[in-house]
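Here are my notes on the model you asked about, as numbered points. Have it open while you read.

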Amino acid sequence: MSEIKVNKISPRTACGTTTLGDSGDSFVIPSGATITNNGTQTGFGRTGTVDWQTSIKTSTFTATSGEGYFCNTSGGGFTVNLPSSPSVGDIVAVKDYAGTFDTQNLTIGRGGSNMNGSAADSVRDTENESLTLVYADSTKGWLAVEEGTGYVGENFISATGGTITTSGDYKIHRFTGPGTFCVSALATSSPNNAADYIVVGGGGGGAGGSDRGGAGGAGGFRGSGGTSTGSYTAGPSPIVGPVSAVTLSVQGYPITVGAGGAGKAGGTPTGPGTSGNNSSGLSITSAGGGAGGGGAAGGPNGASGGGGGTNGSATLFYGGTGNTPPVSPSQGNNGGPNGTTPIATGGGGGIVSVGGTGAVPASGSGGDDLNSSITGSPVYYAGGGGGGGQNGSSPAGPGSPGGSGTAGGATGSSPPHDAANAPDNRGGGGGGASNRSGGHSATGGTGGSGVVIIRYKYQ
């Protein structure tokens with residue numbers, strides 16, 4: 001084998017052409033050798049591949065033939081404009097960098113040419129999509145030659161329904177009204193098909209009328225322990241632990257959110273409020289809270305019982321029984337009695353504790369609520385309402401605050417005011433009404449509506 005060693009091969013005449021070998025010859029580049037192209041290649045053609053660019057695209061740009069782009073739409077959708085004067089065989093590729101094309105779409109601008117025979121841009125809305133386009137001719141324009149998710153690694157749950165937010169790697173669906181939690185795909189790894197949840201029933205309404213009203217009990221609280229989806233603060237044991245998360249399957253899960261019970265309107269006769277309504281989701285039901293007892297009556301039963309009312313006598317009127325119907329762990333507690341003080345009423349039961357007993361100088365406080373961070377932030381749920389106070393001629397104090405005060409059951413009223421309503425979608429009990437001086441017409445507070453929240457790993 002002969003060998004020629006030179007530093008440069010040039011044409012015989014300036015700007016001429018140098019030919020290597022004859023037709024049918026082969027040239028072998030040995031292992032370890034490198035050919036560097038500092039000029040322009042022609043005649044080699046492409047093999048259906050692109051050179052992937054290392055700069056991640058996050059805003060609108062114009063593509064160049066022969067290049068592929070990682071497009072990150074997590075900060076908002078944008079447009080990739082195709083070359084405006086393409087040649088047959090031109091090729092462009094894109095990849096969903098952050099897995100967000102489904103929520104923040106990527107638009108492919110046609111650059112003046114057709115796309116699959118249509119004079120329209122293409123909106124890409126498939127999560128994790130990979131797409132390669134080749135220019136065919138002026139009739140069809142750009143055609144897709146490779147299309148798919150191209151996803152490597154763990155697949156996760158995909159679901160719709162309710163108001164969706166995220167907390168780290170976890171997605172949260174919050175239902176404040178009826179709907180469907182629809183699971184369309186499951187995770188590759190079985191443990192990642194677990195979903196944590198809380199289901200909270202509607203709180204009971206407070207009593208009102210011509211006598212002092214007992215407070216409404218909290219709606220039922222049922223929840224998982226929070227260890228399957230990020231170990232968030234779920235609440236105290238044994239109320240929420242060690243309850244297991246629900247293992248999801250591909251199906252639609254109907255969701256019901258219970259309304260809070262109405263407070264009893266003022267005037268005569270004295271009467272209880274209206275008990276709250278059930279909430280349900282993932283085949284789990286939480287009952288509504290019991291209404292506040294009105295006048296000479298105990299509080300009705302419920303997830304948490306309503307507080308006992310009083311008619312000014314020394315008769316003992318008990319609060320309603322909680323955890324009705326019974327479940328384990330318990331979904332609530334008993335309402336408080338009016339005691340033997342003629343002018344003080346009982347507080348509604350809460351998920352953490354029983355309603356307070358009425359005694360001078362104050363009516364019973366609401367049973368404590370529970371603090372859960374299932375949404376990523378701490379929120380209080382299912383506190384009992386505070387019992388109603390006596391009119392201004394009595395030494396009895398005002399109604400006591402419900403639950404933990406800020407977000408549980410509503411505060412009972414002191415003369416001559418109506419009781420407070422519990423906040424929406426927390427399941428608190430409504431406050432009990434006072435015995436309004438003169439007209440005796442104070443109104444009990446409305447119980448808070450319930451909520452259903454579902455949390456699972458999505459990335």
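Leaving aside its neighbours within four places in sequence, which residues is Phe181 in contact with? Keep in mind throughout that this is a predicted model.

1. **Around Phe181.** Setting aside neighbours within four places in sequence, Phe181 is in contact with Ala159, Thr160, His173, Phe175, Leu248, Gln251, Gly252, Tyr253, Ile255, Leu282, Ile454 and Tyr456. That list is worth clicking through in your viewer, as several of these names come back below.

2. **The nonpolar core.** Phe181 also turns up in the largest nonpolar core, which has 19 residues. Together with Leu248, Leu282 and Ile454, Phe181 is among those with the most contacts inside this core. As for who supplies the core, β13, β14 (194-200), β17 and β22 (451-457) each give at least two residues.

3. **The three-stranded sheet.** β13 and β17 also belong to an open sheet of 3 strands, ordered β10-β13-β17, with antiparallel pairing. At the edges sit β10 (158-160) and β17 (252-255), each pairing on one side only. On average, neighbouring strands here are turned by 20° against each other, direction ignored. Strand β13 covers residues 179-185, and 4 bridges join it to β17, the two running antiparallel. If you want a spot to check the register, Thr180 stands opposite Pro254 in β17.

4. **The five-stranded sheet.** There is also an open sheet of 5 strands, in the order β1-β3-β5-β8-β9, and here the pairing is mixed. β1 (51-52) and β9 (141-148) are its edge strands, each with a partner on one side only. Between β1 and β3 (residues 67-71) there are 2 bridges, and these strands run parallel. In this pair, Trp52 stands opposite Gly68 in β3. As background, strands of a sheet pair through backbone hydrogen bonds, either parallel or antiparallel.

5. **The pocket.** How big is the largest pocket? Its volume is about 710 Å³. The lining takes in 25 residues, and those closest to the centre are Gly99, Asp102, Glu127, Lys171 and Tyr458. The elements giving two or more residues to that lining are β10 and β11 (163-167), and β10 is the edge strand we met in point 3.

6. **Two cis peptide bonds.** Most residues other than glycine have a negative phi, and most peptide bonds are trans. Against that background, have a look at the bond joining Ser237 and Pro238, which is cis with omega about 5°. Pro238 is in the loop between β15 (221-223) and β16 (246-247). Another cis bond joins Thr324 and Pro325, with omega about 0°. You'll find Pro325 in the loop between β19 (284-286) and β20 (370-372).

7. **Two positive phi values.** Ser283 is not a glycine, yet its phi is positive, near 65°. Ser283 sits in the loop between β18 (279-281) and β19. Ala382 likewise has a positive phi, about 60°, without being a glycine, and lies in the loop between β21 (379-381) and β22.

8. **Buried or exposed?** Which label does Ser283 get, buried or exposed? Ser283 has a relative accessibility of 80%, so it counts as exposed, the cut-off for that label being over 50%. Ala382 has a relative accessible area of 0% and is therefore buried, since that label applies under 20%.

Notes: Residues are numbered from 1 along each chain as its sequence is written. This is a predicted model: local features need pLDDT of at least 70, side-chain atom pairs count only at pLDDT 80 or more; totals for chains, interfaces and linings use all residues. Side-chain values use heavy atoms; hydrogens and water are left out. Two strands pair if DSSP finds at least two bridges between them. Helices (H or I, at least four residues) and strands (E, at least two) are DSSP runs, numbered from the N terminus. Axes are lines fitted to C-alpha atoms, for helices over the stretch in contact, and angles run from 0 to 180 degrees between N-to-C directions. A nonpolar core is a set of buried Ala, Val, Leu, Ile, Met, Phe, Trp, Tyr and Cys residues joined through side-chain atoms within 4.5 Å. Buried means under 20% relative accessible area, exposed over 50%, partly exposed in between (1.4 Å probe, protein chains only). Contact means heavy atoms within 4.5 Å. On a 1 Å grid over the protein atoms alone, a cavity is a set of points where a 1.4 Å probe fits but cannot get out, and a pocket is an open set with protein on both sides within 12 Å along at least five of seven lines; lining residues have an atom within 4 Å of a point. Grid points are joined across faces, edges and corners, and a volume is the space filled by probe spheres set on the points.
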